[in-house]
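Dear colleague,

I am passing a structure on to you, and below it you will find my notes on what came out of the analysis. Please read them with the coordinates open beside you.

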Amino acid sequence: MHQPGQSKELELDVVTPEKLGEGMIAVPAGEPMHIDLRLEVLHDGILASGDIDVTAVGQCVRCLTDVSESLQVDFQELFAYTEDEAFDFEVHDDHVDLEPLVRDSVVLALPFQPVCRPDCPGLDPETGERLADHPDRKPRENTDPRWAALADFRASEDTEAGTPGTDTEER
């Protein structure tokens with residue numbers, strides 16, 4: 001592939017050499033990864049574009065159960081023939097190194113706060129039990145003690161509003 005306009009399509013099945021990502025979810029080392037790749041020769045360099053299919057595993061940020069999420073990531077990057085500050089990647093001896101591009105694309109596609117399901121209720125703040133396991137139980141609302149005086153004020157206002165002869169609209 002040395003003339004502009006030439007292209008090559010490849011299907012790659014690789015194993016992730018190291019853990020991709022940190023935090024609550026990541027792609028573990030040894031996880032199979034499928035890459036559909038298209039390489040196109042341009043005047044400035046080689047355009048690499050494709051799709052990555054991989055599975056990430058981690059924990060739900062609300063209830064701490066294990067989650068497994070299938071990721072489909074698209075990428076496209078130009079590998080330049082010459083060293084130029086405008087390009088992040090370069091062609092070396094008619095080869096392109098896709099590893100940094102694939103790693104960056106996958107890590108940036110990982111969810112920042114993974115959840116087991118969109119409406120996950122999380123954990124009970126008092127007992128630490130999963131609220132999804134007990135759907136009939138509602139968590140207690142704990143009022144901040146700093147606001148307790150306002151709750152007393154509201155209760156006294158409600159009592160006054162119920163007494164005849166008082167006009168609450170003038171207050």
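Helices and strands here are DSSP runs, at least four residues of H or I for a helix and at least two of E for a strand, numbered from the N terminus. On that basis the elements of the protein, which is a predicted model, run β-β-β-β-β-β-α-α from the N terminus on, giving six strands and two helices.

As for the overall figures, buried residues account for 26% of the 171 residues, and the accessible surface amounts to about 12000 Å², with 48% of that area belonging to carbon and sulfur atoms. If one takes the contacts between residues at least 6 apart in sequence, 53% of them join residues at least 24 apart.

The strand pairing that I would look at begins with β4 (residues 45-59) and β5 (residues 66-80), which run antiparallel and are joined by 15 bridges; one of the pairings across them sets G58 against its bridge partner V67 in β5. These two strands form a hairpin with six residues between them. Strand β5 is also joined to β6 (residues 89-90), in this case by two bridges and in a parallel arrangement, with F79 standing opposite F89 of β6.

Within the turn of the hairpin, L64 deserves a check of its backbone, as its phi is near 65°, a positive value in a residue other than glycine. With a relative accessibility of 45%, L64 counts as partly exposed, because that class covers values between 20% and 50%. L64 also contributes, together with M24, V61 and L123, to a nonpolar surface patch of about 280 Å². M24, for its part, lies in the loop between β1 and β2 and is likewise partly exposed, at 32% relative accessibility.

The loop between β1 (7-15) and β2 (25-26) also holds T16. Is T16 buried or exposed? Its relative accessibility is 3%, and T16 therefore counts as buried, the cut-off for that class being under 20%. The side chain of T16 reaches the backbone oxygen of P28 at 2.8 Å, and, when neighbours within four places in sequence are left aside, T16 is in contact with V27, P28, A29, G30, E31 and M33.

With best regards

Conventions: Residues numbered from 1 in each chain as written. Predicted model: local features only at pLDDT ≥ 70, side-chain atom pairs only at ≥ 80, totals over all residues. Heavy atoms only, no water. Pairing = 2+ DSSP bridges. Buried < 20%, exposed > 50% of the residue type's maximum accessible area, 1.4 Å probe, protein only. Polar contact = N/O pair within 3.5 Å; in protein donor to acceptor, adjacent residues only side chain to side chain. Contact = heavy atoms within 4.5 Å. Patch = residues over 30% accessible without salt bridge, like charges linked within 9 Å, V, L, I, M, F, W, Y side chains within 5 Å. Areas by Shrake-Rupley, 256 points an atom, 1.4 Å probe, with all protein chains shown as cover. Salt bridge = Lys/Arg side-chain N within 4 Å of Asp/Glu carboxyl O.
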